[in-house]
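Welcome, and thanks for taking a look at this one with us. Please have the sequence and the 3D view open side by side as you read.

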Amino acid sequence: RATIYQEADGRLLLRLTNFKTSNGPDVHVVLIAAKDADDDANFLKSSTARLELGPIKGNEGDQNYDIPAGTDLKKFQTVSIYCERFNANFGAAPLEKF
């Protein structure tokens with residue numbers, strides 16, 4: 001589950017709950033402007049907007065990632081767990097906003 005929360009101070013946070021993925025090299029958390037990152041033809045297009053949130057903190061367990069101030073969340077619908085080295089999507093989830 002991928003949920004966006006707004007902290008009391010206004011900061012935005014992506015929380016991955018019950019998270020589990022394969023181990024891999026150079027794996028990152030990326031917000032994408034597409035409804036489904038499982039469609040590699042759509043996800044791998046250079047024209048698809050992406051926002052890098054950083055490397056995964058671990059391949060299992062709940063995790064939080066800061067979303068940069070000024071990010072237009074209307075633009076991004078999906079979070080992807082993405083392997084930079086192999087240009088591969090390890091998994092995706094729709095963003096839920098709270």
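Here is a short briefing on one strand, its partners and a few residues around it. Please keep in mind that this is a predicted model. A good place to begin is β6, which spans residues 78-83. Six of the six residues of β6 are buried, so this strand is largely enclosed by the rest of the structure.

**Strand β6 and its two faces**

- Thr78, Ser80 and Tyr82 point one way from β6, while Val79, Ile81 and Cys83 point the other way.
- Residues on both of these sides are buried, as all six are.

**Pairing partners of β6**

- Strand β3 (27-32) pairs with β6 in the antiparallel sense, over six bridges.
- Within that pairing, Ser80 in β6 is the bridge partner of Val30.
- Strand β7 (88-97) also runs antiparallel to β6, and six bridges join the two.
- Here Thr78 stands opposite Pro94 in β7.
- Together, β6 and β7 form a hairpin, with four residues between the two strands.

**A closer look at Thr78**

- Thr78 belongs to β6 and has a relative accessible area of 1%.
- Because buried means under 20% relative accessible area, that value of 1% places Thr78 among the buried residues.
- The side chain of Thr78 reaches the backbone oxygen of Ala34 at a distance of 2.6 Å.

**Ala49 and its surroundings**

- Ala34 also serves as a reference point for Ala49: the two are 15 residues apart in sequence, and their C-alpha atoms are 8.1 Å apart in space.
- Ala49 sits in the loop between α1 (40-43) and β4 (50-55).
- With a relative accessible area of 22%, Ala49 is partly exposed, because the buried class ends at 20%.
- Setting aside neighbours within four places in sequence, Ala49 is in contact with Leu31, Ile32, Ala33, Lys75 and Phe76.

**Two asparagines with positive phi**

- Which asparagine lies in the turn of the β6 and β7 hairpin? That residue is Asn87, with a positive phi of about 50 degrees.
- Asn87 is not a glycine, yet its phi is positive; at 42% relative accessibility, Asn87 counts as partly exposed.
- Asn18 is likewise a non-glycine residue with a positive phi, of about 55 degrees.
- You will find Asn18 in the loop between β2 (12-16) and β3.
- Is Asn18 buried or exposed? Asn18 is exposed, with a relative accessible area of 70%.

Terms used. Residues are numbered from 1 along each chain as its sequence is written. This is a predicted model: local features need pLDDT of at least 70, side-chain atom pairs count only at pLDDT 80 or more; totals for chains, interfaces and linings use all residues. Side-chain values use heavy atoms; hydrogens and water are left out. Buried means under 20% relative accessible area, exposed over 50%, partly exposed in between (1.4 Å probe, protein chains only). A polar contact is a pair of N or O atoms within 3.5 Å; within protein, one must be able to donate a hydrogen and the other to accept it, and residues adjacent in sequence count only if both atoms are side-chain atoms. Contact means heavy atoms within 4.5 Å. Two strands pair if DSSP finds at least two bridges between them.
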